[in-house]
Amino acid sequence: MANSSEFNAELLLSHKYPERIFTYTERDAVIYALGVGACGRSAVDVDELKLVYHENGQQFVKVLPTFSALFSLKLMPTGALELPGLEYDPRLLLHGQQYIEIYKPLPSNGSIRNEVSLAGFHDKGKAAIAEIETRSYEKESGELLCMNRMTAFLRGAGGFSKSSQPFSYSNYPKNQVPAVKIPKTQPFKVFEDSTQPSQALLYRLSGDYNPLHSDPMVAKVAGFSRPILHGLCTLGFSVRAIIKCICRGDPDMVKSISGRFLLHVYPGETLITEMWLDSTRVIYQAKVKERNRTVLSGFVDLNRLASSL
Ligand SMILES: CCC/C=C/C(=O)SCCNC(=O)CCNC(=O)[C@H](O)C(C)(C)COP(=O)([O-])OP(=O)([O-])OC[C@H]1O[C@@H](n2cnc3c(N)ncnc32)[C@H](O)[C@@H]1OP(=O)([O-])[O-]
């Protein structure tokens, strides 16, 4: 547990993160789609072939909205997060939540300018929570494409507050917080998908090389029996399931995405995504079939509903 003398709030809150440029090609978008399981059940999947191939002569591949979470990857090249003013062990860092807003369909290639800032920081006693926001602009047009807010759960780094009131800072609206109430009714749709034992090894080629997902020794130090799946890979599987089952395969229908990682997933496990429709909001949760445990829950807001629903 961190102690209060090791924490410097002023240093942390005044820290300026440098702008980051993220450049990608269609090949990156396709490798990402394969990494989150696109066409994993069928290589001619009518809803997903467009994500990995120029189907029917289409000019560009379609890009999944969760691909935008990669734009800020350079922020943590080895899995550590720059948090001046706080001492913490990066090996104990877990991805806690992800919130995404999409303002324009993602292009199949491009150069993206990313403005990064600290959106929140909280003392939870046994852990600290850091929320990092990335606003991503198309470099050429200057247009705002999307916003990602990533929550890192820093195990063992809490308990640093100087007053009896736990330190808590955030600068965004409360309705963007991903805690959702899962309905008691039967889900509207359910989608089952297998991750492969090699899933994290494939997903990491999208640029997240944190050894927690590939190195057995690093995974052990972090408290796991073997390397675990990237949280964003699990989120990618669930959002892809929602696009398939509710958006009839059209990724451009997604307006915003929210997810909280509740438990780790081991590559090779089966993910069952359950979905409930509430107007244009899809509430979802993902379970690991083998352990019957919920690993992710959240919501996806859509621009509209598919006419055939
Ligand atoms: C980051 C980039 C690097 C990527 C790495 C990965 O992909 S790693 C792979 C992907 N990631 C994973 O595999 C991680 C999977 N998730 C887990 O293992 C666990 O959920 C946990 C260890 C994150 C927290 O469990 P726990 O039993 O220690 O927590 P608790 O229930 O006792 O609550 C304590 C406080 O924290 C709050 N809070 C709770 N959960 C979250 C959350 N997710 N998020 C945010 N906040 C959360 C909760 O509201 C409460 O605050 P309150 O209400 O008192 O003010």
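Asparagine 292 sits in the loop that joins strand 10 (281-288) to strand 11 (293-302), in a model that is predicted. The phi angle of asparagine 292 is near 45°, which is a positive value in a residue other than glycine. With a relative accessibility of 59%, asparagine 292 counts as exposed, because the cut-off for that class is over 50%.

A positive phi is also found at arginine 248, where the angle is near 50° and the residue is again not a glycine. Arginine 248 belongs to the loop between helix 5 (231-245) and strand 8 (254-261). Its relative accessible area is 37%, and arginine 248 is therefore classed as partly exposed, since that class covers the values between 20% and 50%.

The UniProt record, an unreviewed entry, carries the annotation "domain: MaoC-like" for residues 186-294. Over residues 186-294 the model assigns 24% of the chain to helix and 30% to strand, while the C-alpha atoms at the two ends of this stretch are 16 Å apart.

Leucine 202 is part of helix 3, which spans residues 199-203. The relative accessible area of leucine 202 is 31%, so this residue is partly exposed. On the surface, leucine 202 joins Leu34, Leu205 and Tyr209 in a nonpolar patch, and the four residues together contribute about 340 Å² of accessible area. Why can leucine 202 be counted in a patch at a relative accessible area of 31%? Residues enter a patch only with over 30% relative accessible area and no salt bridge, and leucine 202, at 31%, passes the area criterion for that reason.

The ligand has 21 residues around it, of which His95, Lys124, Lys126, Gly231 and Phe261 come nearest. Three polar contacts to the ligand are set out below, each described by the kind of protein atom, the ligand atom and the distance.

| Residue | Protein atom | Ligand atom | Distance |
|---|---|---|---|
| Histidine 95 | backbone N or O | nitrogen | 3.0 Å |
| Glycine 231 | polar backbone atom | oxygen | 2.8 Å |
| Arginine 260 | side-chain N or O | nitrogen | 3.4 Å |

Taken alone, the ligand exposes 1100 Å², and the protein buries 72% of that area. Histidine 95 and glycine 231 are among the residues that come nearest to the ligand, and in the contacts listed here each of them reaches the ligand through a backbone atom, histidine 95 to a nitrogen and glycine 231 to an oxygen. Arginine 260, by comparison, approaches a nitrogen atom of the ligand with an N or O atom of its side chain.

Notes. Residues numbered from 1 in each chain as written. Predicted model: local features only at pLDDT ≥ 70, side-chain atom pairs only at ≥ 80, totals over all residues. Heavy atoms only, no water. Patch = residues over 30% accessible without salt bridge, like charges linked within 9 Å, V, L, I, M, F, W, Y side chains within 5 Å. Areas by Shrake-Rupley, 256 points an atom, 1.4 Å probe, with all protein chains shown as cover. Salt bridge = Lys/Arg side-chain N within 4 Å of Asp/Glu carboxyl O. Helix = DSSP H or I, 4+ residues; strand = E, 2+ residues; numbered from the N terminus. Buried < 20%, exposed > 50% of the residue type's maximum accessible area, 1.4 Å probe, protein only. UniProt positions renumbered as here; feature names shortened; annotations may be inferred. Near = heavy atom within 4 Å. Polar contact = N/O pair within 3.5 Å; in protein donor to acceptor, adjacent residues only side chain to side chain.
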